[in-house]
Each structure stands twice: as structure tokens, then as C-alpha cells.
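User: Please take me through the structure shown below, one question at a time. I would like each answer to set out its reasoning before it ends on the result.

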Amino acid sequence: MIQLKNPDQIKIMKEAGRITGEALLVARDHVRPGISTYELDRLVRESIEKAGAKPSFLGYGGFPGSACISINDEVIHGIPSKKRFLEEGDIVKVDVGAFYKGFHGDSARTIPVGRVSDEAQRLIEVTRASFFAGIDQLKVGNRLGDVGAAIDGLVVANGFSTVKRYIGHGIGHELHESPDVPNYGTPGRGTRLCAGLVIAIEPMVNIGTETVRELSDGWTVKTADGALSAHYENTVALTGDGIINLTLIEKDF
Ligand code: MG
Ligand code: MG
């Protein structure tokens, strides 16, 4: 069942979203060749805890980190490690959640490490643009299929592929709630959108095949062909007055 949120709840979720978004800014500001993914995770955790919140991911299903940090062909759910260091030319996905006053925020970015290839840069930009194509369809009376079709349409038009195996989700008291929010769909189909809906929309886009595989560590998801993947996510509330992007703190990030 979808738990719609009232304006007071959305106000709290805005705080959870701000804390989430600020932790991502901290991560971005520390991304450089030579830093370990463990250190990035530590900085994210510190930022969230300083704000009086808890990292949503820490201990979730046994996950050992506060952020999922995934490099290059790793799509999502990378485990922070003292032995993984960022290198010039990498792209790194940082996915963060914060739990504050009973509500979660969830957001992810793909960050270039130093100078990256033109193709990697274009992948990052198309992934971000596909999110915004999706939320352009997030209107009372539209359906979730309109959102997913817009995301996938933009991705495919740019020659990339949308990961289907993992999808976005409702969010609130729980990190993952109803409804499922696929990054593909059929216009006019799926859940009807109404005021009070709060969802995390999170396109995962691959340069090559959409097929992914899970590693034996039980978490890390990689592209099956070893090609690059990007991720972009915000927690968004739909209200009677339009949408509020709860985790977008800096307009251009
Ligand atoms: Mg996330
Ligand atoms: Mg999510």
C-alpha cells in the first residue's frame, strides 16, 4: 500500500533530504585521485551524524557502510573499503541515505575523478538528464509509466541502456516503500500519481548492455560487459502545487 505524506510530514522529509544532499556535497568535495572509498564513507557518515541524523544504509540488510560507493563498471551497492582508492579518470557513484525524525532521504550522484573520457562525461550528463525528463512527467493525474517511459526514452535516444533489474521506490518511514518506480514503462500505464506521493527516482544507465550481475560479496552490482555505468537519484515529493526535490541542494549537482 502506498503511504501518502501530508504537508507536515513532507516538511520533515525536506530536512532529511537536505541532510542527505549535504552529505553528498561533502563526498563530492573530497573526491580526488588517491582517496579511499572507506574515507569517503567516513566523511559521509560524519556529515549525517553531525546534522543529528542516522545513515539509513548503515546496517540495512547488513550493509557495512553509510554510503554505497561504486566505481566505473560497478552499477550500485559498492562496499566502502580501505583497499579501494579512486584513480584519475574513474567515475564514482556515491549513494547516500539519512534518517531524520522518523523519515528517510535517499540520493545518489556520479562524480568524475579528475579528468574523465568524453564518453564517461556524456554518460554522467545523460543519466542526470534522464532523471529530469522523468520528473517532468511527475504530475498529479499522470501515471508512473509516463515517468519511466520518459527516462528510458531519453537514455535510448542517446545510445545508452537503462538498467531494468534495479528500480526506484517509494520512501518515508521506510527506506524502500511502495510503489516500485521503474526507469522504464509505458505511457498512460501504472500507478496514478497523486499529491502526497514521495518517491526516489534513480536511473542507472549503462554505456553497453543493460544486463548486470551481482558479485560474490553479496552486494556489489556490476555491468555484465564491464562497460561504464552511471547513477543519479533524488527523493521527490509530489504536492498539489507541483514537485519538491527534497535532496537537490545545489541546482547543478
Ligand atoms: Mg539511493
Ligand atoms: Mg534509492
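**Sheets, metal sites and cores**

Analyst: In this predicted model, Ser161 has its bridge partner in strand 10, and that partner is Asn206.

User: Over how many bridges do strand 6 and strand 10 pair, and in which sense?

Analyst: Ser161 is bridged to Asn206 of strand 10. The pairing of strand 6 with strand 10 is antiparallel, and the number of bridges is two.

User: Which strands stand at the edges of the sheet ordered 6-10-13?

Analyst: This open sheet has three strands with antiparallel pairing, in the order 6-10-13. Each edge strand has a single partner strand, so one side of each is left without a neighbour in the sheet. The edge strands are strand 6 and strand 13 (229-231).

User: What angle does the direction of helix 3 make with that of strand 13?

Analyst: Helix 3 packs on the sheet of strands 6, 10 and 13. The strands touched by helix 3 are strand 10 and strand 13. With the direction of strand 13, the direction of helix 3 makes an angle of about 40°.

User: Is helix 4 largely enclosed or largely open, and how many of its residues are buried?

Analyst: Helix 4 covers residues 144-157 and spans 20 Å from its first C-alpha to its last, close to the 20 Å expected at 1.5 Å a residue. Its buried residues include Leu144, Val147, Ile151 and Val155. Helix 4 is largely enclosed by the rest of the structure, because the number of its 14 residues that are buried is 10.

User: What covers the buried residues of helix 4?

Analyst: One helix among the covering elements is helix 3 (118-135). The cover also includes strand 6 (161-162), strand 8 (177-181), strand 9 (198-201) and strand 10 (204-206).

User: Which residue with a positive phi follows helix 4?

Analyst: The phi in question is near 85°. The residue that follows helix 4 with this value is Gly159.

User: Which residues coordinate the magnesium ion (ligand 1)?

Analyst: Coordination of the magnesium ion (ligand 1) takes place at 2.0 to 2.6 Å. In sequence, its donor residues are spaced D-x10-D-x126-E. Asp95 lies in strand 4 and Asp106 in strand 5 (residues 103-112), so this pair ties together parts that are 11 residues apart in sequence. The coordinating residues are Asp95, which is listed with OD twice, Asp106 (OD) and Glu233 (OE).

User: Which residues coordinate the magnesium ion (ligand 2)?

Analyst: Here coordination is at 2.1 to 2.2 Å, and the donors follow the spacing D-x62-H-x32-E-x30-E along the chain. Glu233 lies in the loop between strand 13 and strand 14 (234-239) and Asp106 in strand 5, so the pair ties together parts that are 127 residues apart in sequence. The donors to the magnesium ion (ligand 2) are Asp106 (OD), His169 (NE2), Glu202 (OE) and Glu233 (OE).

User: How far apart do the magnesium ion (ligand 1) and the magnesium ion (ligand 2) lie?

Analyst: Asp106 bridges the two ions. This residue is buried, with a relative accessible area of 2%, and Glu233 is buried at 0%. The distance between the magnesium ion (ligand 1) and the magnesium ion (ligand 2) is 3.2 Å.

User: What is the bridge partner of His169 in strand 8?

Analyst: Strand 7 (residues 168-170) and strand 8 form a hairpin with six residues between them. Their pairing is antiparallel over three bridges. Within strand 8, the partner of His169 is Asp180.

User: In the largest nonpolar core, which element gives the largest share?

Analyst: This core has 25 residues, and Val31, Val44, Ile48, Leu86, Val92, Val94 and Val96 touch the most other members. Elements that give two or more residues are helix 1 (7-30), helix 2 (37-50), strand 2 (67-71) and strand 4 (91-100). The largest share, six residues, comes from helix 1.

User: With which residues is Val44 in contact, leaving aside its neighbours within four places in sequence?

Analyst: Val44 is among the members of the largest nonpolar core that touch the most others. Beyond those sequence neighbours, its contacts are Ala23, Ala27, Ser66, Ala67 and Val96.

Technical notes. Residues are numbered from 1 along each chain as its sequence is written. Chains are lettered from A and ligands numbered from 1 in the order in which they are written. This is a predicted model: local features need pLDDT of at least 70, side-chain atom pairs count only at pLDDT 80 or more; totals for chains, interfaces and linings use all residues. Side-chain values use heavy atoms; hydrogens and water are left out. A nonpolar core is a set of buried Ala, Val, Leu, Ile, Met, Phe, Trp, Tyr and Cys residues joined through side-chain atoms within 4.5 Å. Buried means under 20% relative accessible area, exposed over 50%, partly exposed in between (1.4 Å probe, protein chains only). Helices (H or I, at least four residues) and strands (E, at least two) are DSSP runs, numbered from the N terminus. Contact means heavy atoms within 4.5 Å. The expected span of a helix is 1.5 Å times one less than its number of residues. Donors are N, O and S atoms within 2.8 Å of the metal (3.2 Å for Na, K and Ca); water is not among the atoms, so sites may look incomplete. Two strands pair if DSSP finds at least two bridges between them. Axes are lines fitted to C-alpha atoms, for helices over the stretch in contact, and angles run from 0 to 180 degrees between N-to-C directions.
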